[in-house]
Amino acid sequence: MAAETWADLRIRSVNAHKAGRHEDALKGYTRFLQQHPSDAGIWTNLGALYRSLGRHEMGRTAQVRAYALAPDDKGVLNNYSNILSDLGDYEHSIELRKKSLQIDPSHLMHHAMIGRCLRGLGQYQDAIDYLVPMIATYPDETELKLQLAFAQLGAGQYGAAFRTYDSRWNSGELEQPELPFTKWEDGVSIEGKTLLILPEQGFGDMVLLARFIPLIAAMGAKIHLVVKKPLLRLFEGMEGVDWVGVSAAKDDPVDMWLSLMDMPKLVYGPNESGAIPSPVKLNIPADSIERAEGLTAKHRDMFKVGVVWSGSATYKGNTFRSFTHREFLPMANTPNVQLFSLYKGPFLEAFHEDGSAALIVDTASTDRDFADCAATMKEMDLIITSDTATAHIAGSLGVPVWVMLHWDAFWVYRHEGEITPWYPSMRLFRQAKPQDWASAFDAANKALEKEVSKHG
């Protein structure tokens, strides 16, 4: 090198990485490693950078090289075990996390992630049995409690799970609402009270958990419900709801407020699971119905299949739960089938650019909200979707819906089986192994041929 030494380049690249200048860091690491391929620290940094960029397989390759050079380095063990967890290699990840804990018992996050890996394997009770004593030993570790909550949800221990999930407010990822009303506390009677229920997390979570509202209203409470605008028309006139809107005023006649994820605690006792309530009944406005009928009018005689390939692009887990629109193209070869895109989002550009819109009719890019989407769903014979809000809406509508699941599915779907008690009209198609969408879609294609044949 000329003026800059290799040591300078190393420092500069690491600083760029820390500052979030990913492209500068990537160029620097690449240049450095070409001349210094035995630097485990830079290999593991590169692997972590690839992970941040969503290039997980490349990240694993970099971590393999780092581990070969420094198998007892705590940083390498942490980064390598993290990418293995991401990619579904849970047994190997657990092995490395246990090794890291032997070197440094103070790295408590590994305990939480061992629980997370056990859950990823579908071993819910094993995860619970591992995490409960860890929480007793380290009661201030929020991540341990979060992972326990997810394991309890997978195990169907809903009363315990939603109480354990109170720990989410200590995670630093959510902010407690600041309201002039009293927050409902577990065990406080709601009879004769007006409750303000606030939205939390994604659209799908809102649709999923709204089923608890009629049960809460039956306990003698009046319900004021705040929803995000894209869901507003779907929720208008909902059973048990006295008022619904996109925001509440501080002078509203409210006695107590609670967040969406707190509702199950009113229905399930601390050690209860109980029956799963039926999905919420959604409202579809007349103008949305008319619009949907117009969009599908020219295909009345076809077997109509609505498809969705991605959830929110900003959701950190979207990379693995979603796929490309091109996975659906083989279905267009099935006789008498017409595909309709119900997807609206940033990945539409690629859908239009490669000409797929000629084979999959775009009905969603002009949707005003989820009410328009729901109306189109009602025109379909079948919905096939990734694990996103449309799955919950279709399931709530009672429309036949197939959900394409990645290997580490949301707790509603668990880790095995073709059905879920949360949505009777839903069928589940799973990856045979991590990142293997081909197996899931092969099964769905064969099932579609059989389904179409039934309709003559």
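Okay, let's start. The chain has 20 helices and 11 strands. Its radius of gyration is 24 Å, and the globule rule gives 23 Å for 456 residues, so the chain is as compact as a globular protein of that length. Keep in mind that this is a predicted model.

Now the overall dimensions. Along its principal axes, the C-alpha trace spans about 70 × 55 × 40 Å. How much of the chain is buried? Of the 456 residues, 52% count as buried. The exposed surface comes to about 20,600 Å². Carbon and sulfur atoms supply 51% of that area.

Next, contacts along the chain. Take the contacts with a separation of 6 or more. Residues 24 or more positions apart account for 63% of them.

On to the sheet. Which order do its strands follow? This open sheet of 6 strands reads E8-E7-E6-E9-E10-E11, with parallel pairing. Strand E8, residues 360-362, sits at one edge, and strand E11, residues 426-430, is the other edge strand. Each of these two pairs on one side only. On average, neighbouring strands of the sheet are turned by 25° against each other, direction ignored.

Look at the E11 end. Strand E10 covers residues 401-405 and runs parallel to E11, with 5 bridges joining the two. Here Trp 402 stands opposite Arg 427 in E11.

Last, the helix on this sheet. What does helix H20 lie across? Helix H20, residues 437-454, lies across five strands: E6 (303-308), E7 (337-341), E9 (382-386), E10 and E11. Against E10, helix H20 runs at about 165°.

That's the tour. Over to you.

Key:
Residues are numbered from 1 along each chain as its sequence is written. This is a predicted model: local features need pLDDT of at least 70, side-chain atom pairs count only at pLDDT 80 or more; totals for chains, interfaces and linings use all residues. Side-chain values use heavy atoms; hydrogens and water are left out. Two strands pair if DSSP finds at least two bridges between them. Helices (H or I, at least four residues) and strands (E, at least two) are DSSP runs, numbered from the N terminus. Axes are lines fitted to C-alpha atoms, for helices over the stretch in contact, and angles run from 0 to 180 degrees between N-to-C directions. Contact means heavy atoms within 4.5 Å. The radius of gyration is taken over C-alpha atoms; the globule rule is 2.2 Å times the number of residues to the power 0.38. Buried means under 20% relative accessible area, exposed over 50%, partly exposed in between (1.4 Å probe, protein chains only). Accessible areas come from the Shrake-Rupley method with a 1.4 Å probe; for residues, only the protein chains shown count as cover.
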